[in-house]
Number of protein chains: 2
Amino acid sequence: MSVITFLCAGQMNSAITFPAFENGHEVRLVGSPLDREIIERLRRDNYHPTLKRTLHAGIRYYQKEELPEALEGADLILNGVSSFGIDWFVREMLPVLPEKVPILSVTKGMICEEDGALTPYPIYMQRMQPAGRQMRFFGIGGPCTSYELADHDDSHVAFCGEEMETLRWMRSLLGTSYYHISLSRDVRGVESAVALKNAYALGVSLAVGLAEKRDGQIGAVHYNSQAALFGQSVREMTELIRLCHGLPENLIFGAGDLYVTIFGGRTRKIGTLLGRGLTFEEAMRELDGVTLESIVIATRTARAVRQMAGAGLVRTEDFPLLMHVDEIINQGKPVSIPWDAFTFVREEI
Amino acid sequence: MSVITFLCAGQMNSAITFPAFENGHEVRLVGSPLDREIIERLRRDNYHPTLKRTLHAGIRYYQKEELPEALEGADLILNGVSSFGIDWFVREMLPVLPEKVPILSVTKGMICEEDGALTPYPIYMQRMQPAGRQMRFFGIGGPCTSYELADHDDSHVAFCGEEMETLRWMRSLLGTSYYHISLSRDVRGVESAVALKNAYALGVSLAVGLAEKRDGQIGAVHYNSQAALFGQSVREMTELIRLCHGLPENLIFGAGDLYVTIFGGRTRKIGTLLGRGLTFEEAMRELDGVTLESIVIATRTARAVRQMAGAGLVRTEDFPLLMHVDEIINQGKPVSIPWDAFTFVREEI
């Protein structure tokens, strides 16, 4: 039995308490300052109000100020901060976490560096840790909705990081008959694949709104256009994973994740609204102005591509869908899918 | 203006009359012996009873016995025979078609050779043409449902064949503002990608039925398991395209097509029924015993993999989803997804 401390009580982190607890470990769930009410409710009856599931009785709950107690004797830390809280996590949490305990993050996203390089969060955190410390960071990527994991549905994810030994140990702690875990030292590949799919899920969803606009009917579905955008997404993601210095095999986590993201959620919603003809501002108002990870990652990736293009490393014309998504969300352009830019001519075989 | 003769009045071939006619060409649609009633109906009021769309007035319709007239002065032949009619087409049609007119086929599928090699239909037809003739064969692949093409929805497909000049010319005849065409000399890559997706669409659909069985509710959807199967499909298809000597870039046509096929149709239906727990025989009875292309291609591809494995070229363990689909449909095994066989460990980067 090990002690696993979960930092932040968001939906995904809380869902991973299911395999952790069922494997017999001591599970401690610590709320961020934003999670106060979630922790209060969990203490009352183990019901998680945003995950909408009852967690296992026996899990221990902590508010932020009880962190030292929650960390006592911890063998593994699960980091569930959202991508918008990553700098808060680096600034406030890293200095108070024990140096020797590995940190496994579910946070998806990448930083766009000055030179256009895209750096995934586990590598970013490694670099941003307090001077002189040697903390170790690992990541979880792959198609896995939190509520289905909580329901014990079969899911396949990847744990990634530099130390294979630690990855194997983490899998032994968390793997179950329904939580299937691949292991990879290719952090850049796994993390870029799963971060990029958010940007492209928005792109594919444009076709949903375009179809609705055309048919004058909410819910109209046109598969050919969605499939063409899906194929183009796979093509651009493959190239971007390569530019992030990742192995192409990780496309499977991005493509599987893309497939799922298009089915629902807020990224599909905004893509659909934009496709229907709303401006980006109008679409964001319908979503109550909540900033989406898909918007952030599309913007950052487009910026990275432009910078790499400036340095002669790529051509922006090789990413027509990403560039179009970027000009819709950041330059107020109307949706006008550049279909012919997706076609290609292959003479050499 | 060119003369384009469409052989067989199936849904996809008939749908391509839309861009062809709208580009100002003379369009002639010839029914196979199975299409008699379709041609009769089209002659009456241009309504296509299985495509369920009214074709353009001005298209000329022919029964099989009027073939010579339909071929007079033809510049291009579109071949729309189903994969089950391919040998009929080779035997009955090739000898009577003009040698110099290129043949562009929408037929998807591959032959499994004695040695386990998979040969796509355009190459198979090239080989099977009457001795001494020099007919030229081209193929269309990619995600495109016939009724959406007829409705002028945006679609992205690939025309493939050996002669780039002829491919460009065919694109000039058929490309429109909604029918977007890539060109590729990689016949094996394009054709294997689009043929394989049928086998894998069945594999992914198993998760739909498993979810329904689990929840005791038709229509229950579990995305994590579908996404895991989708990712595994992408992985196995990528490797199979390589084994077919195709370029990996063609995965985009297979993945886009896979995405669409899973949404509906008979392949999804049989996968779902199997996932619910029906035996293959029971599932086929529900589908009135209609043989599906997905069944044929899964069986042939599995056979090819086993033969290549016997020759030491591949390992069957690298295709766990394909092998499981094959044992379900050909050995009566119950559905039991080999989830853990999908996970991998990547140490080298």
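In the predicted model, chain B can be superposed on chain A with an RMSD of 0.0 Å by a turn of 180° combined with a shift of 0.0 Å along the axis, which is the relation of a two-fold axis. The two copies are served by the same surface, in that 100% of the contact residues of chain B recur in chain A. Among the residues of chain B, Y259(B) comes closest to the rotation axis, its C-alpha atom lying at 3.8 Å.

An open sheet is formed by nine strands, with mixed pairing, in the order β13(A)-β12(B)-β11(B)-β10(B)-β7(B)-β6(B)-β1(B)-β2(B)-β5(B). The edges of this sheet are occupied by β13 (345-346) of chain A and by β5 (60-62) of chain B, each of which pairs on one side only. Within the sheet, strand β6 (residues 76-79) of chain B and strand β7 (residues 103-105) of chain B run parallel and are joined by three bridges, with L78(B) of chain B standing opposite L104(B) in β7(B). At the β5(B) edge, helix α2 (residues 36-45) of chain B lies across β2 (26-30) and β5 of chain B, and the direction of this helix makes an angle of about 150° with β5(B).

A further helix of chain B, α5 (residues 121-128), contains the buried residues Y121(B), P122(B), Y124(B) and M125(B). Viewed down the axis of α5(B), the buried residues fall within an arc of 160°, and they therefore line one face of the helix. In general, an α-helix has 3.6 residues a turn, so that residues three or four places apart point the same way.

Conventions:
Residues numbered from 1 in each chain as written. Chains lettered and ligands numbered in written order. Predicted model: local features only at pLDDT ≥ 70, side-chain atom pairs only at ≥ 80, totals over all residues. Heavy atoms only, no water. Pairing = 2+ DSSP bridges. Helix = DSSP H or I, 4+ residues; strand = E, 2+ residues; numbered from the N terminus. Contact = heavy atoms within 4.5 Å. Axes fitted to C-alpha atoms, helices over the stretch in contact; angles between N-to-C directions. Least-squares fit on C-alpha atoms with pLDDT ≥ 70 in both. Buried < 20%, exposed > 50% of the residue type's maximum accessible area, 1.4 Å probe, protein only. Arc of directions from axis to C-beta.
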